[in-house]
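Reader: I am new to this structure. Could you walk me through the terms used to describe it?

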Amino acid sequence: MDSDSDIGFVDKDSGIVSMSGSKDETPERRSTEPSNAITNTDGDTSAENYEDEPDESFGERLWGLTEMFPEPVRNVCSTVTDLSTRSVKSIFKLTCNASWIFFTSSILLFVPVFIEVERAQLQEEQRNQQKRALLGPSSALAASPGGMPALPPMAR
C-alpha cells in the first residue's frame, strides 16, 4: 500500500497555478482538453488565440471594479454622481438663459440709444456742411473748435 493513501491524503487542486502561465489564462478558459487546443462542435481542434479577443476598455475595467464594493457604497456613489450631473446641467441651463436675457435686453435697450446718438452726430455734420457751403471754407474752420488755426501770410 501507498503511504499517502494510508494517511488519507487526497490530491486536491488548490487553485494556485504556476506564475509562468499567461495572465489571460483563467479557470474558465482552461479546459480538460490538451493545452492550447479547443474542440469545436464539429469535433476538430484548433489553437486558442487570445489575441483575437478585444481588449477591455477603461470603462469596462472600472465597471468590473465596482463589484468589489458593497451595495450601499455603490448606491451612494451613484446618487452623488447623478446629483452632480443634474446640478451641472441645471447650472449650465441657467447660465445660458441668463446670458440670453442679458444680451437680448441690452440690445433692445441700448441699440435705440446708439441710433439716436448717431443720428444727432449726422445732423451736426450736415449743419457744418451747410455752413461751409454758405460762408466758405475759412469760416467753417474758424467756427469749429477742433479746426486748424489760420496760417500767417508768408513773408517774401
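Author: Happily! The chain has 4 helices and 2 strands, in the order α-β-β-α-α-α from the N terminus on. This is a predicted model, where local features need pLDDT of at least 70 and side-chain atom pairs count only at pLDDT 80 or more, while totals for chains, interfaces and linings use all residues. Residues are numbered from 1 along each chain as its sequence is written, and side-chain values use heavy atoms, with hydrogens and water left out.

Reader: What makes a stretch a helix or a strand?

Author: Both are DSSP runs, numbered from the N terminus: a helix is H or I over at least four residues, a strand E over at least two. Helix H3, for instance, covers residues 71–135 and holds valine 73; serine 106 is found in helix H3 too.

Reader: Why is serine 106 called buried?

Author: Buried means under 20% relative accessible area, exposed over 50%, and partly exposed in between (1.4 Å probe, protein chains only). Serine 106 has 17%, so serine 106 is buried. Buried residues make up 3% of the 156 residues in the chain.

Reader: And why does valine 73 count as partly exposed?

Author: Valine 73 has 36% relative accessibility, which lies between 20% and 50%, so valine 73 counts as partly exposed.

Reader: What makes the link between serine 106 and phenylalanine 103 a polar contact?

Author: A polar atom of the serine 106 side chain lies 2.9 Å from the backbone oxygen of phenylalanine 103. A polar contact is a pair of N or O atoms within 3.5 Å; within protein, one must be able to donate a hydrogen and the other to accept it, and residues adjacent in sequence count only if both atoms are side-chain atoms. The 2.9 Å is within that 3.5 Å limit.
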